[in-house]
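Visitor: I have a structure open and would like to talk it through. Could you walk me around it?

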Amino acid sequence: MRQTKTGILLANLGTPEAPTAGAVKRYLRQFLSDRRVVDTPRVLWWPLLRGVILPIRSPRVAKLYQSVWMEEGSPLMVYSRRQQKALAARLPDVPVALGMSYGKPSLASAIDELLANHVDHIVVLPLYPQYSCSTVAAVWDELGRILAKNRRVPGITLIRDYADDSTYINALANSVRASFAQHGEPDLLLLSYHGIPQRYANEGDDYPQRCRDTTRELVSALEIDPDKVMMTFQSRFGREPWLTPYTDETLKMLGEKGVKHIQVMCPGFAADCLETLEEIAVQNREFFMEAGGEKYEYIQALNDSADHIAMMDEITLPYR
């Protein structure tokens with residue numbers, strides 16, 4: 001019987017290569033051109049994107065990136081590379097590649113890297129714990145475009161998501177417990193997930209349910225009063241309604257209602273990035289404190305923690 005050589009492809013969203021307006025513009029152009037992300041008819045979207053959004057948004061977003069940029073680069077890239085190296089060290093006989101849907105290293109370069117290692121089966125692990133058409137499906141689409149050019153196509157296993165996987169939930173729970181031990185148990189644990197347009201959910205995207213699944217399992221693992229946990233959605237963009245409740249508006253409301261101590265976790269982010277380190281840890285902290293809050297802690301993403309790398313190993317194990 002022929003032996004199959006399996007490789008692992010870790011897939012994430014991507015990031016600008018530098019905290020400059022030019023680099024951010026290149027990244028946003030590719031990201032916001034994907035129909036999975038924005039499905040507005042192109043005849044309406046192109047003039048708006050190129051003539052208004054990119055020129056105005058790129059310099060503004062570049063300044064935000066400058067505030068979180070690390071010595072080794074963009075936080076998302078730094079943590080993603082650490083994840084890849086840690087998993088590769090844990091699995092010395094399994095090639096592990098990193099690819100991004102937008103920017104570099106591309107998914108195409110990751111596929112090339114694995115094929116150069118003579119793999120004939122690739123386990124694709126999109127680092128989005130909760131499936132969405134705008135993230136996991138975008139990875140699937142790009143894989144199809146890449147492999148359509150190949151005469152020899154490897155076997156592909158796509159791990160759709162792991163929203164209620166026990167190793168993922170336990171890793172989150174351990175992270176929350178460590179934060180509680182360090183800062184004290186808060187009045188409220190806020191779980192902030194990245195939002196999507198409400199319309200996408202209405203049309204069949206089960207992302208909101210997968211977020212609820214994670215929240216339910218995490219509450220159970222922590223054995224915490226469900227009334228002390230709240231689920232919200234962040235990072236909305238554009239004018240149409242997105243999933244509610246909105247994180248920023250909720251934090252303002254909680255501060256005004258007299259809630260004094262909050263800890264915030266973003267279970268949908270496998271690696272810290274602009275949306276967690278700036279939007280949640282800085283902007284939303286200010287909203288809460290200005291509304292009357294007194295203590296606010298952001299619980300970092302799982303990043304390259306030992307629990308997280310062990311989870312990646314266990315989730316991919318059945319397919320290797």
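Guide: We can go through the sheet, the aromatic pairs, one loop residue and the salt bridges, keeping in mind that this is a predicted model.

Visitor: Start with the sheet, then. What is the order of the strands, and how do they pair?


Guide: Four strands make up an open sheet, in the order β6-β5-β7-β8, and the pairing is parallel. The edges are taken by β6 and β8 (295-299), each of which has a single partner strand, so one side of each is left without a neighbour in the sheet. From one strand to the next the twist averages 25°.

Visitor: How many bridges pair β7 with β8?

Guide: Strand β7, residues 261-265, pairs with β8 over five bridges in the parallel sense. To pick out one residue, Q263 has E297 in β8 as its bridge partner.

Visitor: And which strands does helix α6 touch?

Guide: Helix α6, residues 166-183, packs on the sheet and touches β5, β7 and β8, with its direction at about 150° to that of β7. Helix α9, residues 247-256, lies across β5, β6, β7 and β8 and runs at about 135° to β6.

Visitor: Switching to aromatics: how many pairs does a search of the whole structure find?

Guide: The search finds seven aromatic pairs. One of these is Y27 with F31, where the ring centres are 6.0 Å apart and the planes are at 15°, so the pair is stacked.

Visitor: Where do Y27 and F31 sit along the chain?

Guide: Both belong to helix α1, residues 21-31, and because they are four residues apart there, about one helical turn separates them. Y27 counts as buried at 8% relative accessibility, and F31 is buried as well, with a relative accessible area of 19%; the limit for calling a residue buried is under 20%. Ring pairs also bring in Y102, so that Y27, F31 and Y102 are linked into a cluster.

Visitor: What about Y207 and F233, how are their rings arranged?

Guide: Y207 and F233 form a tilted aromatic pair, with 6.5 Å from centre to centre and 55° between the planes. Y207 lies in helix α8, residues 207-222, and F233 in strand β6, residues 229-234, so the pair ties together parts of the chain that are 26 residues apart in sequence.

Visitor: Are those two buried or exposed?

Guide: Y207 counts as buried at 6% relative accessibility, and F233 is buried too, its relative accessible area being 4%.

Visitor: Which arginines lie over the face of a ring?

Guide: Among them are R42, which lies over the face of W46 at 5.3 Å from the ring centre, and R160, which lies over the face of Y131 at 3.9 Å from the ring centre.

Visitor: I also clicked on I196. Where is that, and what does it touch?

Guide: I196 lies in the loop between β5 (188-194) and α7 (198-202), and with a relative accessible area of 4% it is buried. Leaving aside residues up to four places away in sequence, I196 touches S132, S134, A201, D205, Y207, W242 and L243. C133 is 63 residues from I196 in sequence, while the two are 9.4 Å apart in space, C-alpha to C-alpha.

Visitor: Last topic, salt bridges. How many are there?

Guide: The count comes to 18 salt bridges. In one of them the side chains of R210 and D164 meet at 3.4 Å, N to O. R210 lies in helix α8 and D164 in the loop between β4 (155-158) and α6, so this pair ties together parts 46 residues apart in sequence. R210 counts as buried at 13% relative accessibility, whereas D164 counts as partly exposed at 37%.

Visitor: And where do K228 and E185 lie?

Guide: K228 is in the loop between α8 and β6 and E185 in the loop between α6 and β5, so far as sequence goes 43 residues apart. Their side chains meet in a salt bridge of 3.2 Å, N to O. K228 counts as partly exposed at 26% relative accessibility, and E185 is partly exposed at 48%.

Visitor: What does E217 pair with?

Guide: E217 forms a salt bridge with R216, and the closest N and O atoms are 3.0 Å apart. E217 counts as partly exposed at 28% relative accessibility, as does R216 at 44%. Salt bridges with shared partners join D161, D164, R210, D213, R216 and E217 into one network.

Terms used. Residues numbered from 1 in each chain as written. Predicted model: local features only at pLDDT ≥ 70, side-chain atom pairs only at ≥ 80, totals over all residues. Heavy atoms only, no water. Phe/Tyr/Trp six-rings, centres within 6.5 Å; stacked < 30°, edge-to-face > 60°. Helix = DSSP H or I, 4+ residues; strand = E, 2+ residues; numbered from the N terminus. Buried < 20%, exposed > 50% of the residue type's maximum accessible area, 1.4 Å probe, protein only. Lys NZ or Arg CZ within 6 Å of the ring centre and 35° of its normal. Contact = heavy atoms within 4.5 Å. Pairing = 2+ DSSP bridges. Axes fitted to C-alpha atoms, helices over the stretch in contact; angles between N-to-C directions. Salt bridge = Lys/Arg side-chain N within 4 Å of Asp/Glu carboxyl O.
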